[in-house]
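Hi,

Here is the structure I promised to pass on. Have a look at it first, and then read on for my notes.

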Amino acid sequence: MLYHMKTLLTYSLLAFLFFTVACQRSATQKRDAVTTTATLLWTGEIAADGCGFEMIIDGKKYLPENEDNIPAQFKESESSQIRLTYIPLQEPIDRQCGMLPKPRILDGIRIVSIEKL
């Protein structure tokens, strides 16, 4: 009986620690998020020799790590003014696309939210 109590206590403690760390990580990510206006560029589907989406923020180009989260309506125009909430990434994104002989290496962002202005 004592063994079962120790096992139950151990698993309960592990679950508590897991949820505590997960909640802190989510709060940290939200705290690190930046909201700004930007220009969203649509260069075409990567599978059709395009390069997907790019963002221009304060005159600098960025690649979104999670461009699948960008609604399809933004593919209707080559350029859109947007309000963007994003998290800057530590590592650049290296993307081979289109007919470019070299990969495009740009700073990366993770999109939190995006809306058309």
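Which side chains meet in a salt bridge at 3.2 Å, N to O? They are those of Glu67 and Arg95. By salt bridge I mean a side-chain nitrogen of Lys or Arg within 4 Å of a carboxyl oxygen of Asp or Glu.

Before going further, some ground rules. This is a predicted model, so local features need pLDDT of at least 70 and side-chain atom pairs count only at pLDDT 80 or more, while totals for chains, interfaces and linings use all residues. Residues are numbered from 1 along each chain as its sequence is written, and side-chain values use heavy atoms, with hydrogens and water left out.

Back to that pair. Glu67 sits in the loop between β3 and β4 and Arg95 in strand β5 (residues 93–95), so the salt bridge links distant parts of the chain, 28 residues apart. (Strands are DSSP runs of E, at least two residues, numbered from the N terminus.) Both Glu67 and Arg95 are buried; buried means under 20% relative accessible area, exposed means over 50%, and partly exposed is in between, with a 1.4 Å probe and protein chains only.

The other salt bridges

The structure holds six salt bridges. As a general point, side chains of opposite charge can pair when their charged atoms come close.

One of the six joins Asp107 and Lys60, whose closest N and O atoms are 2.6 Å apart. Here, too, distant parts of the chain are linked: Asp107 is in strand β6 (residues 104–116) and Lys60 in strand β3, 47 residues apart. Asp107 is partly exposed, with a relative accessible area of 33%, and Lys60 also counts as partly exposed, at 38%.

Then there is Lys75, which meets Glu45 in a salt bridge of 2.9 Å, N to O. Lys75 lies in the loop between β3 (60–64) and β4 (79–88), and Glu45 in the loop between β1 (34–42) and β2 (53–57), 30 residues apart. Lys75 has 35% relative accessibility and so counts as partly exposed, as does Glu45 at 41%.

Finally, Glu54, Lys61 and Arg104 are linked in a network of salt bridges.

The disulfide

The count comes to one disulfide, meaning a pair of cysteine sulfur atoms within 2.5 Å. Cys51 and Cys97 are the partners, with an S to S distance of 2.1 Å. Their link is right-handed, with 95° about the S-S bond. Cys51 is in the loop between β1 and β2 and Cys97 in the loop between β5 and β6, 46 residues apart. Cys51 and Cys97 are both buried.

The aromatic pair

A search of the whole structure finds one aromatic pair. Trp42 and Phe53 make a tilted pair, 4.6 Å centre to centre with 45° between the planes. (Rings of Phe, Tyr and Trp, the last by its six-membered ring, pair if their centres lie within 6.5 Å; planes under 30 degrees apart are stacked, over 60 edge-to-face, and the rest tilted.) Trp42 lies in strand β1 and Phe53 in strand β2, so the pair ties together parts that are eleven residues apart in sequence. Both rings belong to buried residues, Trp42 and Phe53.

Confidence

The mean pLDDT (the predictor's confidence in each residue, from 0 to 100) is 82, and 74% of the residues reach 70 or more. Over residues 23–28 pLDDT stays under 50, and the model has zero contacts (heavy atoms within 4.5 Å) beyond four places in sequence for them. Where pLDDT is low, the predicted coordinates should not be read in detail.

Cheers

Notes: Helices (H or I, at least four residues) and strands (E, at least two) are DSSP runs, numbered from the N terminus.
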